[in-house]
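Me: I have a protein model to work through. Can we go over it in short questions and answers?

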Amino acid sequence: MDKICERNQCIGCGLCSNICPKGAIKMIEDKRTGHFVPQIDTQLCVDCSLCQKKCPGLREIESRSQIKTYAAWRKDISKIKGSSSGGVAASLYERAVEEGYYIVGTYLNENFQVKLKITNKKNDIELFKGSKYVQADTGFVYKEALELLQKGEKILFIGTPCQCAAMKVLVEGRYENNVILVELICHGTPSQKTFREYINYISKKKKKDITKIAFRSERGVELSLYSGEKAFWQYKGYEDDYMVAFQTGLIHNETCYQCKYANKDRSSDLTIGDFWKIGEKRVFQHPECKVSVVVASTEKGLAFLQGCEQLILEEREYQEALEGNPNLYSASKKNLKSEMFWNIYADEGVSRAYSKTIGKRLKKIRFKNNVKRTIKKAYSIFK
Ligand SMILES: Cc1cc2nc3c(=O)[nH]c(=O)nc-3n(C[C@H](O)[C@H](O)[C@H](O)COP(=O)(O)OP(=O)(O)OC[C@H]3O[C@@H](n4cnc5c(N)ncnc54)[C@H](O)[C@@H]3O)c2cc1C
Ligand code: SF4
Ligand code: SF4
Ligand code: SF4
């Protein structure tokens with residue numbers, strides 16, 4: 001076999017490389033966009049077609065209507081620090097570890113690569129906190145998960161809906177009862193390659209080594225690059241090239257624009273995201289912290305969620321969640337400049353690709369906001 005599915009069907013989940021009995025599949029970066037794609041060693045392949053049978057890109061998805069929808073946040077607001085929203089993911093992980101589950105989450109390693117990891121250590125929950133707006137490298141997490149399930153262990157898996165779909169395929173007909181799948185509402189994923197090249201470009205331009213990265217801050221979506229304890233690059237979601245490219249659908253994986261999982265009916269036990277626009281049309285006593293939306297689509301997911309003592313759950317109408325969050329029911333639209341971006345990127349690199357597509361407008365926005373910040377700072381000194 002030399003191809004599992006079409007390029008625009010491949011979500012880059014890596015399940016094929018985890019299950020190939022001959023170890024014939026390696027995940028590599030796609031030449032054009034850098035997203036993960038499988039590469040088959042035809043010398044090793046024995047044409048068993050297991051990879052095709054299991055490939056989530058080639059499958060119809062089974063989904064269910066929601067049972068209950070909640071606004072959710074941690075009782076202890078101080079523990080939300082580091083989480084992107086109301087801290088639901090960390091609370092679910094905590095309950096899981098206390099009950100003897102293994103947990104799967106995504107972390108940034110020391111080289112700022114975004115990777116999935118399976119663990120049963122409570123300390124690792126801190127690493128999983130916070131959204132990393134990049135396609136994660138799943139490595140051999142599915143293989144490790146299967147080995148643990150075969151030994152009778154239980155797993156709580158949190159990831160993008162397509163990663164959850166891969167996990168679902170892996171366990172179907174065998175270990176469903178021992179797995180809880182929690183999918184993020186997902187806007188789409190840029191590749192690690194474009195992210196890596198972008199931060200390297202900023203690092204070089206500013207002559208600073210990066211020691212820490214954050215995609216969100218107390219002020220919301222914001223890319224912060226630190227050198228030591230000081231942020232030398234800190235721009236909001238509407239000021240930073242990469243974040244704007246992410247938010248406007250310029251650099252997603254091709255599959256994201258036709259995402260099969262972005263439906264009102266969901267395919268995991270629980271779906272979590274930001275509860276944007278809560279309280280706009282229906283009364284909500286805001287708890288002075290960020291608030292998550294949680295949608296339960298199975299009784300198993302609902303029971304697990306309700307047993308999370310660290311969480312405050314307030315039942316809301318599903319319609320309210322849908323109104324505030326388009327990616328809960330539809331895929332992100334492809335930016336009209338996307339093809340232009342990839343063409344320039346191939347010839348001239350990432351910084352030129354940004355500056356020739358979205359960069360000019362952003363430069364002006366950044367300049368204006370920098371002037372405002374400087375005036376505000378000066379004013380506060382002389383006040
Ligand atoms: C690529 C991406 C796109 C998103 N798009 C939306 C959106 O359109 N609308 C919306 O409401 N929410 C979106 N989210 C989810 C949102 O940012 C929060 O993660 C969510 O609200 C949960 O917040 P929390 O405070 O409960 O968890 P947090 O403490 O923020 O935990 C985040 C969880 O996400 C996992 N995670 C982080 N990065 C990745 C990644 N790259 N791949 C897979 N898993 C990851 C972590 O392992 C952890 O389980 C997106 C997240 C990602 C990673
Ligand atoms: S299993 Fe996943 S990575 Fe492999 S071909 Fe299918 S979608 Fe792509
Ligand atoms: S057909 Fe079988 S041996 Fe060949 S790559 Fe797929 S899973 Fe591996
Ligand atoms: S938008 Fe869909 S295909 Fe793209 S990463 Fe998210 S879940 Fe996967």
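Reply: Start with one definition: two strands pair if DSSP finds at least two bridges between them. Keep in mind that this is a predicted model.

Me: How many bridges join strand 3 to strand 12, and in which sense do they run?
Reply: Strand 3 covers residues 68-74. One facing couple is threonine 69 opposite valine 295 in strand 12. Strands 3 and 12 run antiparallel, and the number of bridges that join them is 5.

Me: Which residue of strand 12 stands opposite glycine 273?
Reply: Strand 11 spans residues 270-274. It runs antiparallel to strand 12, and 5 bridges join the two. Glycine 273 faces valine 293.

Me: How many residues of strand 12 are buried?
Reply: Strand 12 runs over residues 292-296. On one side Ser292, Val294 and Ala296 are buried, and on the other side Val293 and Val295 are buried. Both faces are covered. The count is 5 of its 5 residues.

Me: In what order do the strands of the open sheet with strands 8, 9 and 10 come?
Reply: This sheet has 3 strands, and the pairing is antiparallel. Its edge strands are strand 8 (212-217) and strand 10 (230-236), since each pairs on one side only. The twist averages 20° from one strand to the next. The order is 8-9-10.

Me: Which residue in strand 10 stands opposite leucine 223?
Reply: Strand 9 takes in residues 220-227. It pairs with strand 10 in the antiparallel sense over 6 bridges. Leucine 223 stands opposite tyrosine 235.

Me: Is threonine 106 buried or exposed?
Reply: Threonine 106 lies in strand 4, residues 102-108. A residue is buried if 20 or more other C-beta atoms lie within 10 Å of its own. Threonine 106 has 24 C-beta neighbours inside 10 Å, so it counts as buried.

Me: Which residues is threonine 106 in contact with, leaving aside neighbours within four places in sequence?
Reply: Here a contact needs C-beta atoms within 7 Å. Leaving aside those neighbours, the partners of threonine 106 are Val114, Lys115, Leu116, Phe128, Lys132, Ala136 and Gly159.

Me: What separates the C-alpha atoms of threonine 106 and isoleucine 125?
Reply: Threonine 106 and isoleucine 125 are 19 residues apart along the chain. Between their C-alpha atoms the separation is 9.6 Å.

Me: How many residues around ligand 4 are charged?
Reply: The shell around ligand 4 includes Cys162, Cys186, Cys256 and Cys259. Also among its members are Ile11, Pro161, Asn253 and Tyr261. The shell divides into 7 nonpolar and 5 polar residues. The charged ones number none: there are no charged residues.

Me: Which residues come nearest to ligand 3?
Reply: There are 13 residues around ligand 3. They divide into 10 nonpolar, 1 polar and 2 charged. The nearest are Cys20, Cys45, Cys48, Leu50 and Cys51.

Me: Why does the radius of gyration agree with a compact globule?
Reply: The C-alpha atoms fill a box of roughly 70 × 50 × 35 Å along the principal axes. With 383 residues, a compact globule would have a radius of gyration near 21 Å. The two agree because the protein has 21 Å.

Me: What share of contacts joins residues at least 24 apart?
Reply: The protein has 12 helices and 13 strands. Buried residues make up 41% of its 383 residues. Take the contacts between residues at least 6 apart in sequence: the share that joins residues at least 24 apart is 70%.

Conventions:
Residues numbered from 1 in each chain as written. Chains lettered and ligands numbered in written order. Predicted model: local features only at pLDDT ≥ 70, side-chain atom pairs only at ≥ 80, totals over all residues. Near = placed C-beta within 6 Å. Nonpolar A, V, L, I, M, F, W, Y, C, P; charged D, E, K, R; others polar. Helix = DSSP H or I, 4+ residues; strand = E, 2+ residues; numbered from the N terminus. Rg over C-alpha atoms; globule rule 2.2 N^0.38 Å. Buried ≥ 20, exposed ≤ 12 C-beta atoms within 10 Å, placed from the backbone. Contact = placed C-beta atoms within 7 Å. Axes fitted to C-alpha atoms, helices over the stretch in contact; angles between N-to-C directions.
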